[in-house]
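Me: Please give me a close look at a single part of this protein, namely the largest pocket, and then relate the surrounding features to it.

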Amino acid sequence: MPHQTTNGTRQRLEEARRGAPQFRLRFGLVVIAMVLSFFGARLVQLQGIDPKSYAAMAAAEGVVEVSLPAERGDILDRFGLPLADSIHGKMVVADPVMTGADAPQLATLLSQRLQVDYFKTLGRLREESSRFEYIARRVPSTLAGDVLTELSEAGFQGITLRDDPIRDYPADDVAANLLGFMGTDEALAGFERTFDAQLAGTDGTARYQSGGGNRIPLGENTVVPAKNGASLTTTIDLDLQWFTQRVLTQTLQQYRATSGVAIVMDSRTGELMALADAPTFNANKPLAADEEDLGSRAIKDPYEPGSVEKVLTVSSLIDAGKVTPRTKLRIPPSLPRQDRVIGDWFDHGNIRLTLAGVIAKSSNIGTVLAADAFSPVDLVGYLQKFGLGQRTDIGMRGESPGILTPGDVMTSQTKDRVAFGQSVSVNAVQMAAAVNTIANGGVRVSPSLIKGSATAEDGTVVGTDVSTTSRVVSERAARQTTKMMELVVDDEVGVAPGAQVPGYLVAGKTGTAQRVAPACGCYDGSTTVSFGGFAPADDPRFTVYVVIHAPQVDGGGGSITGPAFSRIMGYALSRYRVAPTGAKPSRLPVEW
């Protein structure tokens, strides 16, 4: 009996195993049929019953497109140190679908923490048909993170952060007059604007599907990466620029002047190693500055150079074979000339000076008498070769070409005044390059602010790679002019002993000129004082030019700008380890 029961059980189990596959198949078919029926019914619902409401729901989930900001290229000094760079920042963005209900509270908190407009923020938080709205740009990462934490702890949702580089100027006001500054999304001034195409790069984009305020993992996800901007290398030496700015600012304060410029140029290459303006501004806080201080006066403000121009006149006369440093001149107390009387800055009777003495004493009368050997066309022709009356095209916006009357219409009276630096206007870079022509053996080398080359916004290619040279006067004429300029800083016969640099032979020239008031186009009684020179005089390495406008303390180019020249030149020579040459100063006679 037990044996029969066991056999029956085995038979039933065998039959069950044979029937199991058929059961699973039938069950699977039933499930598939149910799923297909569900999707079929859903499709009918979407396409036939209420297509508009479901399309709106899909759109509400939507595709979000966001900008991926490119990182701006750095602006570097000649040694690769950053004058302008980009630091980590954040953009604060909102998803109005999630922020709309809490918009008033959010707008209040965000406007207080991020200093954004309450009503604009409120509108963006409530923007319909949008999943992405900017609330704030270029927010420091720490601040943005703190705000997001505060929002999260308060239970608010829909505010997120994204990368958004912030433009930074590590040295604040150093070279700000050249660098310019940025707005939120555009370059507004200086190199930032002139070379924006190179620096800016190209923003990227990201598109993705979002649902319920979150990115859908398997939805559309397209990214076009940002292309970062390229760096721009300048000829500026950051440390030398810093020192030059400080000396210039101190000189302005000491003599209560309205403004000033100081330039350091490599005598051999024409590279501008420092170009300082004062007053200037902090490039990180441009809105805190006066508008007139935001540009570069060295480029945009023309002025009459005064007696520094005399070295251009006398070198041209020597080059043309009209005079020598030993040419003898009888200098009267005053010199009546057509419409006016020409005088000297110092009182004297009838004196006898050599041409070297005219430069050492800075005699207007002696310069005019020597320049009688030139016609207006002759003088203007030389001054144009020195670069006067034309832009330097160094890559700065708003450059003034100055004013130089054409020789064929210049009167003899005007020529007299131009010969000693009045009735002609220049910008400071023009004049520095002109003085440097004497330092460079009579060859003018075009000034440069950009290492290599770069394309300005007007399509002009600028920089050391495209620098040009042209001979203006002979090497002999330049050397003889240099010898006369050495006498200017002589303790006994010169007018600017304060411009000496201990241990070095210096050649230079003072300048004092009347200033023209823009309102009336007439001389207003104030002056511009200056000193331009180079060292070592027998083997020039640097040319320095300092200009001070409208000092309120009595003094001339020798007493006001001479000491500033000395400090700046001394620092440059020391910084670049230029050894004294041991040359002896000029002993040309100044009287006869």
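Reply: What follows describes the largest pocket first, and then salt bridges, backbone features and one helix.

The model is predicted, so local features need pLDDT of at least 70 and side-chain atom pairs count only at pLDDT 80 or more, while totals for chains, interfaces and linings use all residues. Residues are numbered from 1 along each chain as its sequence is written, and side-chain values use heavy atoms, with hydrogens and water left out.

The largest pocket has a volume of about 960 Å³. A pocket is here an open set of points, on a 1 Å grid over the protein atoms alone, where a 1.4 Å probe fits, with protein on both sides within 12 Å along at least five of seven lines; lining residues have an atom within 4 Å of a point. The volume is the space filled by probe spheres set on the points, which are joined across faces, edges and corners. The lining comprises 38 residues, and R138, M182, G183, T184 and D185 lie nearest the centre. By class, 22 of the lining residues are nonpolar, seven are polar and nine are charged. In this scheme Ala, Val, Leu, Ile, Met, Phe, Trp, Tyr, Cys and Pro count as nonpolar, Asp, Glu, Lys and Arg as charged, and the others, Gly among them, as polar.

Strand β5 (133–140) supplies the largest share of this lining, six residues. At least two residues each come from β3 (82–87), β5, β7 (166–168) and α9 (196–200). Helices (H or I, at least four residues) and strands (E, at least two) are DSSP runs, numbered from the N terminus.

R138 merits separate attention. This residue is in strand β5 and has a positive phi of about 55 degrees although it is not a glycine. Its relative accessibility is 26%, so R138 counts as partly exposed; buried means under 20% relative accessible area, exposed over 50%, and partly exposed in between (1.4 Å probe, protein chains only). Q115 likewise has a positive phi, about 60 degrees, and is not a glycine. Q115 is placed in the loop between α4 and α5 (118–125) and is exposed, at 66% relative accessible area.

The whole structure holds 22 salt bridges, each defined as a side-chain nitrogen of Lys or Arg within 4 Å of a carboxyl oxygen of Asp or Glu. One of them pairs E150 with R113 (2.7 Å, N to O). E150 lies in helix α6 (residues 141–153) and R113 in helix α4 (residues 103–114), so this pair ties together parts that are 37 residues apart in sequence. E150, at 27% relative accessibility, is partly exposed, and R113, at 35%, is partly exposed. Another salt bridge joins D301 and K300 (3.5 Å, N to O). Salt bridges that share partners also link R72, R167, E192 and D196 into one network.

Two cis peptide bonds can be noted. A278 and P279 are joined by one with omega of about -5 degrees, and P279 is in the loop between β13 (272–278) and α11 (297–300). A535 and P536 are joined by another, with omega of about -15 degrees.

Finally, helix α18 (residues 475–486) has 12 residues and should span 16 Å at 1.5 Å a residue, which agrees with the 17 Å between its end C-alpha atoms; the expected span is 1.5 Å times one less than the number of residues. Its buried residues include A477, A478 and M484.
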